[in-house]
Structure formats: structure tokens, C-alpha cells
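Biologist: Can you walk me through this one? I'd like to hear the reasoning behind each label.

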Amino acid sequence: MNKTNILGLAIIMVAVATILSSCHDKRSRGLEYAPNMYYPIAYNPDQKNPIFENGISAQVPPIGTTPIGFTKFDEFPNTPEGYTAASTGITNPLPVTKKNLVEGQQLYIAMCGPCHGPKGMGNGHIVELGKFPAPPSYSTGNSSRGGAMNQLTDGKIYHTIQYGLNLMGSYSSQLSPEERWKVIMYVHQLQKPQ
């Protein structure tokens, strides 16, 4: 046999094998690259689960547990009394360093700047659109809770970030406790006369 006949015979054999392998069960998906992606082992949160007595997959965490990375703030509730208690009960645990201030500035510009403005004057982009009233300036304004904005303590700012105030919502899910302290550190820089 010459090379052409061998090559032709090989092509015919591959074609026949392909045709025969495609003639099996039509419901089969054939080979799967990662079958665990198609048929997951874990239960979905909305699936019935025979492992638990109540048959629910999405279980409530045990009482008294704390999620990883979560900091409890129970001793300072979202009340005027909690705000006042936070004023004297909390201080920034991070050292004032150039690195922390730069990170605080970046976080402030991303999270707080749209309303409070890049210099804390209450002239952020959202305010300039005329959709919302301006928040008070950190250096010259007065807080809606009473007192000058430039006199806000670490605890008062932390409490406001944790729970929100007026039109400002809570940022507890967007900023970790360490990030909040860095933002507070930078806000203290904005409280100084501009």
C-alpha cells in the first residue's frame, strides 16, 4: 500500500468512528470538561436539604457567633445616647502615618467625595447636580446633631459611618473597620481650616 491509500483509509476510519459515536443516546451531552460545574455537589440555598431537621439549606448562624472580619458595635446603638457614648468611648487604634492618610484619602474620595466633596466642603458631584442638599463643611459647618463639624471626634464619625445620618446611609457594608479608621484619620485633616 502506498501512503495515499493509508492516509485515505485513516480518514475513512476516523469519519466512520465519528458517525458511530454520534449515533448513541440523544440525551447524552457527551464528554464534559468539568462535570462538577454542571452537577454541583453542594446544596443551593433555596434547595431542600435532608441533612437538617427543618429541611432548609440556608441556616441561620448559631446564636452568639460573629462572622469573620465583623466588628461588633452593640455597645453604641443607633440612638442619640449611643452617638454621645461613642464620642468618648472610641478612639482611632491606627497610628497616623503617611501611608494610612493616603489610603484614607483614596477611600474618602471614592466613598465620601461624591457628596462631601474632595476637600470636605459639602460640594460633591451629586450636590452640584442639584439633586440633594449639601452636607455641612467639615471645617466651617455645623452638625445636624449639634456642635461644629470641626469638633467631631473619632467616635462620632465612626458612629455616623456605621449607622448613617439623615440622607447619608450606612457605610458599614462598604468599608471594613480598618478602612473606616483610615477615612476618619483623613476627615480630621479636612476639619482643619482650609
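Biologist: Where is the place of Asn166?

Modeller: Asn166 sits in the loop between helix H7 (154-163) and H8. Keep in mind that this is a predicted model.

Biologist: What makes the phi of Asn166 stand out?

Modeller: The phi of Asn166 is positive, about 55°, although the residue is not a glycine. Most residues other than glycine have a negative phi.

Biologist: And why is Asn166 called exposed?

Modeller: Exposed means over 50% relative accessible area. Asn166 has 64%, so it counts as exposed.

Biologist: How do you know whether Gln106 is buried or exposed?

Modeller: Same kind of check. Gln106 comes out at 52%, and the cut-off for exposed is over 50%, so exposed is the word. Gln106 lies in helix H4, and its C-alpha atom is separated by 12 Å from that of Met185, 79 residues apart along the chain.

Biologist: What about Lys182, buried or exposed?

Modeller: Lys182 has a relative accessible area of 7%; buried means under 20%, so Lys182 is buried. Lys182 lies in helix H8.

Biologist: Which residues does Lys182 touch?

Modeller: Leaving out residues up to four places away in sequence, Lys182 touches Leu94, Asn100, Glu103, Gly104 and Leu107. Val14, on the other hand, is 66 Å from Lys182, C-alpha to C-alpha, with their positions 168 residues apart in sequence.

Biologist: Now the helix pair. How do the axes of H4 and H8 cross?

Modeller: The axes of helix H4 (residues 98-111) and helix H8 (residues 177-191) come within 7 Å and cross at roughly 90°. Angles of 65 to 115 degrees count as roughly perpendicular, so H4 is roughly perpendicular to H8.

Biologist: Which residues of H4 and H8 make the contact?

Modeller: From H4, Asn100, Leu101, Glu103, Gly104, Gln105, Leu107 and Tyr108 take part. The H8 side has Glu179, Lys182, Val183, Met185, Tyr186, Val187, Gln189 and Leu190. Sorted by class, the contact of H4 with H8 has eight nonpolar, four polar and three charged residues.

Biologist: Why is Leu152 called buried?

Modeller: Its relative accessible area is 11%, and buried means under 20%, so Leu152 is buried. Leu152 is found in the loop between helix H6 (125-128) and H7. Beyond residues up to four places away in sequence, Leu152 touches Tyr83, Ile157, His188 and Gln191. The C-alpha atoms of Leu152 and Asn54, 98 residues apart along the chain, are separated by 49 Å.

Biologist: Stepping back, how many helices and strands does the protein have?

Modeller: Eight helices and zero strands. Along the sequence the pattern reads α-α-α-α-α-α-α-α.

Biologist: How do you know that the protein is more spread out than a compact globule?

Modeller: Set the radius of gyration against the globule rule. For 194 residues the rule gives 16 Å, and the protein has 30 Å, well over that, so the protein is more spread out than a compact globule. Along the principal axes, the C-alpha trace spans about 100 × 50 × 35 Å.

Biologist: And what percentage of the 194 residues is buried?

Modeller: Buried residues make up 28% of them. The accessible surface comes to about 13,800 Å², with 62% belonging to carbon and sulfur atoms.

Biologist: What share of the contacts comes from residues 24 or more positions apart?

Modeller: Such residues account for 49% of the contacts in the protein with a separation of 6 or more.

Key. Residues numbered from 1 in each chain as written. Predicted model: local features only at pLDDT ≥ 70, side-chain atom pairs only at ≥ 80, totals over all residues. Heavy atoms only, no water. Axes fitted to C-alpha atoms, helices over the stretch in contact; angles between N-to-C directions. Helix = DSSP H or I, 4+ residues; strand = E, 2+ residues; numbered from the N terminus. Parallel < 35°, antiparallel > 145°, perpendicular 65-115°, else oblique. Contact = heavy atoms within 4.5 Å. Nonpolar A, V, L, I, M, F, W, Y, C, P; charged D, E, K, R; others polar. Rg over C-alpha atoms; globule rule 2.2 N^0.38 Å. Buried < 20%, exposed > 50% of the residue type's maximum accessible area, 1.4 Å probe, protein only. Areas by Shrake-Rupley, 256 points an atom, 1.4 Å probe, with all protein chains shown as cover.
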